[in-house]
Amino acid sequence: MGCFYCCGSNDERRRRSRRSSDRKEKNPLAFLVNSISFKSDGTKNRFMAEEILKIGNGNIAARVFTFHELAVATNNFRPECLLGEGGFGRVYKGYLESTKQFVAVKQLDRNGLQGNREFLVEVLMLSLLHHPNLVNLLGYCADGEQRILVYEYMPLGSLEDHLLDLPPNRKALDWNTRMKIAEGAAKGLEYLHETASPPVIYRDFKASNILLDGDFNPKLSDFGLAKLGPVGDKSHVSTRVMGTYGYCAPEYAMTGQLTKMSDVYSFGVVFLEIITGRRAIDTAKPTSEQHLVHWAEPLFKDKKKFVQMADPLLEGRFPLKSLYQALAVAAMCLQEEAGTRPMISDVVTALEYLSVPRSDPDVGAATGEPAPARLLSSPREEDDQEDKEEEEEEDGGEGTANGSDLFRSRPGGDGVASRSWRRSGRVVYARC
Ligand SMILES: Nc1ncnc2c1ncn2[C@@H]1O[C@H](COP(=O)(O)OP(=O)(O)OP(=O)(O)O)[C@@H](O)[C@H]1O
Ligand SMILES: [Mg+2]
């Protein structure tokens, strides 16, 4: 009896292991990330490197660093090497003698369960996801209690550094660079939503997580909160509400039901920051202006106010038509009803169009009057036609920021509808 039971159980184990290795080969991303959801559920995990190797099963190309190597690279984590500090720890600039390259070294200062899990998710996700608009993880260190991530060094820092609270000596980003950054960041999201399989919901899209290389090409960083999206005919995954206040989609904050549309909403907030130069949340401003989306809502409805929304640091140097279109894209992404937001691939299409310099932005000092014809004109015939159609629309239109004409298709959306967040008040965030 005992033997029979035993053999049966071995067969079952073998079958399970065969099924599991099939899944590993077919979809390492799904396998790895699903594995960590229970494997990292213990208390403090002292053997993180082993865990990564075990779960990674050969898929993890990231290099394992010793603490000593990283201490040498950062001059013992010297304060002068500090690049910035976020909710999970400090980021230092380092130099690796072995590969002769500069790196960014992020030392997590929370080693609790959550810190461990986010560390694992970050290593696993970034080892399997590769795109020019995602930051490159070079390796990690999990010696003892240490949890350190080593990234390619992004010389221009984060979008936040160039957009919000600029030091007096830093030049403001020009319009075309802003559109190029928005386009690249949207392409990073598009890769996660449309190419990764299963799709990945990023969950922490914000200006400080968009890093810039020497040519202002953006790369998304910080995948610790990323989540595998729904599969099959499911519309959402249910999770604890995590993210950053001011960027979270209302329906996600209310219900914890996460969809790709939650990322699209956060994209809308960042895009609005890019256009306006205002923070998602700015407690230094008068109460009515502290919450960017609430501040923008009435302005979106009145075309005459659009120019007032542009970042004063642009000093009016932008094609007025592009400003209108950019605001329209932002407004679409910020629709309260998740299902009516555009898919991120439609946003990319719109931004590819907007990021093509259409006229010399330096001549477009905005006045609040309708844009001069020379600013709306384009070398391409189809653009001329489009402009005419738009002008006609402008005459008869309601004058609100409505971006539907910019999108390839009507937004479908897979979101959960919610109408109540802004009206019904506060939500507690796990991480604000
Ligand atoms: N790879 C990198 N290259 C250059 N600078 C970096 C790199 N990664 C991070 N930084 C800098 O370090 C800062 C802190 O980054 P970090 O991700 O720890 O925090 P955060 O994004 O500000 O907040 P949060 O913890 O909520 O994500 C960034 O804003 C950026 O200026
Ligand atoms: Mg970050």
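Two strands pair if DSSP finds at least two bridges between them. Helices (H or I, at least four residues) and strands (E, at least two) are DSSP runs, numbered from the N terminus. The model here is predicted, so local features need pLDDT of at least 70, side-chain atom pairs count only at pLDDT 80 or more, and totals for chains, interfaces and linings use all residues. Residues are numbered from 1 along each chain as its sequence is written, while chains are lettered from A and ligands numbered from 1 in the order in which they are written.

**Exercise 1. Work out how the strands of the open sheet are laid out.**

Step 1: Start with the order. The open sheet has six strands, arranged β1-β5-β6-β4-β3-β2, and the pairing is mixed.

Step 2: Look at the ends. β1 (63-64) and β2 are the edge strands, each pairing on one side only.

Step 3: Take β4 and its partner β3 (residues 89-96). They pair in the antiparallel sense over eight bridges, and G94 has V103 in β4 as its bridge partner. The hairpin of β3 and β4 has four residues between the strands, and there K100 takes a positive phi near 55 degrees.

Step 4: Now go to β6 (residues 148-152). Five bridges join this strand to β4, and the two run antiparallel. You can pick out A104 opposite Y151 in β6, and Q107 with its bridge partner I148.

**Exercise 2. Find out what surrounds ligand 1.**

Step 1: Gather the shell. 23 residues surround ligand 1 (a residue is near a molecule or strand if its C-beta atom, placed from the backbone, lies within 6 Å of it). The closest are G84, G86, G87, A104 and S208.

Step 2: Ask which elements help. β2 (82-86), β4 (101-108) and α6 (159-163) each supply at least two residues, and β2 gives the largest share, four residues.

Step 3: Sort by type. The shell divides into nine nonpolar, nine polar and five charged residues. Here Ala, Val, Leu, Ile, Met, Phe, Trp, Tyr, Cys and Pro count as nonpolar, Asp, Glu, Lys and Arg as charged, and the others, Gly among them, as polar.

Step 4: Place the ligand. Domain 1 (29-152) and domain 2 (159-424) both give residues to the shell, so ligand 1 lies between them. The domain bounds come from an automatic or database domain assignment.

**Exercise 3. Describe how α7 and α12 pack against α13.**

Step 1: For α7 (residues 175-195) and α13 (residues 344-354), the angle is about 155 degrees and the axes are 9 Å apart. Axes are lines fitted to C-alpha atoms, for helices over the stretch in contact, and angles run from 0 to 180 degrees between N-to-C directions.

Step 2: That makes α7 roughly antiparallel to α13 (angles under 35 degrees count as roughly parallel, over 145 as roughly antiparallel, 65 to 115 as roughly perpendicular and the rest as oblique).

Step 3: For α12 (residues 320-333) and α13, the axes come within 11 Å and cross at roughly 165 degrees. These two are therefore roughly antiparallel as well.

**Exercise 4. Track down the unusual backbone spots in two loops.**

Step 1: Recall the background. Most residues other than glycine have a negative phi, and most peptide bonds are trans.

Step 2: A cis peptide bond joins S197 and P198, with omega about -5 degrees. P198 is in the loop between α7 and β7 (200-201).

Step 3: R203 has a positive phi near 75 degrees, and R203 sits in the loop between β7 and β8 (210-212).
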